[in-house]
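Trainee: Could you take me through one part of this structure slowly? I would like a close look at a single strand and what surrounds it.

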Amino acid sequence: MRLHTYTWGEGDRVALLIHGIMADHRTWRRVGPELAARGLRVIAVDLRGHGASGQGPYGPGDFADDLVETLPAGAEVAIGHSLGGMALALAVERLAPRRAVYCDPAWHLPGPAAGATESEGPARLAAAKMLSREEISALNPRWEDVDVDLEVASLAVWDEGTAYGIAPAFGADLRPAGPVVPSLVTTADPSPLVPPADVAELRARGFEVRTVEGAGHTAHRDDFGAFMAALEGWV
């Protein structure tokens with residue numbers, strides 16, 4: 001599938017931005033212009049089922065193949081958040097950026113609790129479709145009002161079927177065996193997806209890992225300055 005994209009800046013040096021589940025390119029509203037100000041042409045996608053891109057079918061491989069179909073190979077840097085980090089890891093060998101950044105990547109989603117069905121995790125994600133503006137704000141107290149409004153707009157066009165499409169990832173270990181290109185992993189503080197044991201293992205596998213102190217899962221919205229500081233030397 002050819003994905004909808006949004007571009008900031010111009011020139012030959014390219015940065016790629018890949019959002020997480022429920023969001024779309026608008027989640028990068030501050031990151032995109034900042035990278036463009038550093039001389040990069042920044043291309044942000046809407047993954048299938050998100051934003052203005054087409055819908056279904058859904059699966060980790062589908063998200064990755066779409067990136068390869070849509071984005072240019074050989075970028076200066078590719079940045080993927082959460083689901084975007086999962087998809088980027090599956091596409092990075094084909095996209096061949098010079099560097100990759102995985103922001104709280106969805107590589108090790110928890111499996112169902114004892115006695116629960118396998119659909120429990122996906123169902124919890126899908127239920128977010130119905131979150132009100134007030135609930136979004138309460139869940140993300142550090143977000144600016146504009147980010148809350150953009151999340152409302154993103155949820156309105158998000159196909160919650162994407163949550164069920166990644167059901168096989170729950171309880172699976174999708175951590176890469178090692179970085180295909182020089183790679184940074186940024187984590188929340190604490191991270192719901194990258195626990196301390198995973199941090200140690202990822203470092204042992206050759207990834208650099210940095211924590212965005214005090215930030216939640218969507219660090220680039222929680223604390224933009226700290227998030228950009230965590231990327232120092234990588235963008």
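**A strand and its partners**

Mentor: Let's begin with a pairing: strand E5 (residues 99-103) and strand E6 run parallel to each other, joined over four bridges. Two strands are said to pair if DSSP finds at least two bridges between them. Helices (H or I, at least four residues) and strands (E, at least two) are themselves DSSP runs, numbered from the N terminus.

A word on the source: this is a predicted model, where local features need pLDDT of at least 70 and side-chain atom pairs count only at pLDDT 80 or more, while totals for chains, interfaces and linings use all residues. Residues are numbered from 1 along each chain as its sequence is written, and side-chain values use heavy atoms, with hydrogens and water left out.

Back to E6, our strand. Val101 has Leu184 of E6 as its bridge partner. Leu184 also has a bridge partner in E7, namely Glu208. That belongs to a second pairing, in which E6 and strand E7 (residues 208-211) are parallel over four bridges.

How does the chain get from E6 to E7? E6, helix H8 (residues 196-204) and E7 make a right-handed β-α-β unit. Right-handed here means that, with the strands pointing away from the viewer, the path from the first strand over the helix to the second runs clockwise.

Now look at how E6 sits in the model. Five of the five residues of E6 (residues 183-187) are buried, so the strand is largely enclosed by the rest of the structure. Buried means under 20% relative accessible area, exposed means over 50%, and partly exposed lies in between (1.4 Å probe, protein chains only). It helps to know that side chains in a regular strand alternate between the two faces of the sheet. On one side of E6 you find Ser183, Val185 and Thr187, on the other Leu184 and Thr186, and all of them are buried, so both faces are covered.

Finally, follow the chain past the strand. In the loop between E6 and H8 you meet Ser191. Ser191 is buried too, with a relative accessible area of 15%. Its side chain and that of Asp104 are joined by a polar contact of 2.6 Å. Such a contact is a pair of N or O atoms within 3.5 Å; within protein, one must be able to donate a hydrogen and the other to accept it, and residues adjacent in sequence count only if both atoms are side-chain atoms.
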